[in-house]
Every structure is written in structure tokens, then in C-alpha cells.
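Thank you all for coming; I would like to take a few minutes on one structure, beginning with a strand pairing and ending with a loop.

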Amino acid sequence: MASLWVVKDALIRQMVERIINENEAEFWHLKTAKIALVWVVPDMKKSGRIALATAQKTNPLLELFSQYDFVIKLSRDHWESNLSEAEQESVMVHELRHCGVKYNRGGCPIYADGAAVPCDEDGKYCPGEFKLAYCIVPHDCEIFLADFGTDLPGIERVQHRAQQVFEFAKG
Ligand SMILES: [Zn+2]
């Protein structure tokens, strides 16, 4: 049974805040999201390989007790002993890209109650403090190809899937 505990490391928490603030166009919807960072020991595995990190949305019960919108789990031993700071950051960016917001048919992001998020005159979304309709963005999406410049576990598989999507899209 894995052990889990909340990451108290201020540097990691600051990394997340910095990524969100420096990439406002991409991560505007995460400025008010409550994201829990959690260490996992031993390292998580997926298909026999170490999974560096995973992102999940809290379910309604967990949200009720924790107030968190997302949980990002990090394989602590691998994270601390095998990743450079730059690699840690690219993993974190990748996980944050899984933390998405739902859009309506008109292509507008929505609140939890389904109402559309308003824009200012520059086209910037202004969600205010109301709760957004958060969701998990799956892997089979071309944006993730951009994350995979480094040799991280699970990447070949993801790249392969993304490539398939491209081939399919090209017809
Ligand atoms: Zn991923």
C-alpha cells in the first residue's frame, strides 16, 4: 500500500505558482484552482514503468472534505533523486496541462453551473472567484507532444499515440 502525504516543500509549491503566473494565457483557469501536491512512496508504476506524476480531479466527496479541485501526485524517490530542476518543471507543466476547464459548444469556458465565463475587451477570460467546471484533459491531444523533448518514462507510448492521432488527422 502506498504512502501519501502533502508536499510541504515551498520550492515545489512556488514552482507551480510561477508556472501558472508566467503562462497566464494557457493556465488562466488555474489561478483560482486549489491544487494539492502529494508525495507518493514507493514510486508509482504504470505498465511496468515508473510514472513520475499523475493529475486527477477530486471527486465530489473528496472536494467536500478537502476543498481541492485537483490532486497532483509525485513519485517522491524518483522525483528527488533522478530529475534535474528543469525536468521537474517540464513534468509539472505537463501535469498542469492535464488540469483543464470545460468548454461549451460555442467554444467558451464555463463555470461549474454551466454559465459561460465572461471576457474583457482584450478577449481575456475574467472568471472572478466563481467555481469553474474543471476537468481532466486526456493525453491523446497534440499539445502534449510539445512536452516531450526529454527522455521521461511513458513518453514513447504517448508520442506513439499522438503520432497516430496526427496520421489519422492527415487522413
Ligand atoms: Zn500525462
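**Sheet, core and loop**

Let me start with Gln-56, whose bridge partner in E6 is Val-71. What you see is a predicted model, in which local features need pLDDT of at least 70 and side-chain atom pairs count only at pLDDT 80 or more, while totals for chains, interfaces and linings use all residues. Residues are numbered from 1 along each chain as its sequence is written.

E5 and E6 pair in the antiparallel sense over five bridges, where pairing requires that DSSP finds at least two bridges between two strands; strands (E, at least two residues) and helices (H or I, at least four) are DSSP runs, numbered from the N terminus. The two strands belong to an open sheet of four, ordered E1-E2-E6-E5, with mixed pairing. Strand E1 (3–6) and strand E5 (53–57) stand at the edges with a single partner strand each, so one side of each has no neighbour in the sheet.

Turning to the largest nonpolar core, meaning buried Ala, Val, Leu, Ile, Met, Phe, Trp, Tyr and Cys residues joined through C-beta atoms within 7 Å, its 17 residues include Ala-53, Ile-72, Leu-74 and Leu-96, which touch the most other members. E6 gives the most to this core, with four residues.

Finally, Gly-106 lies in the loop between strand E7 (99–101) and strand E8 (134–136). Gly-106 counts as exposed because it has 7 C-beta neighbours inside 10 Å, the cut-offs within that radius being 12 or fewer for exposed, 20 or more for buried, and partly exposed in between, with C-beta atoms placed from the backbone.
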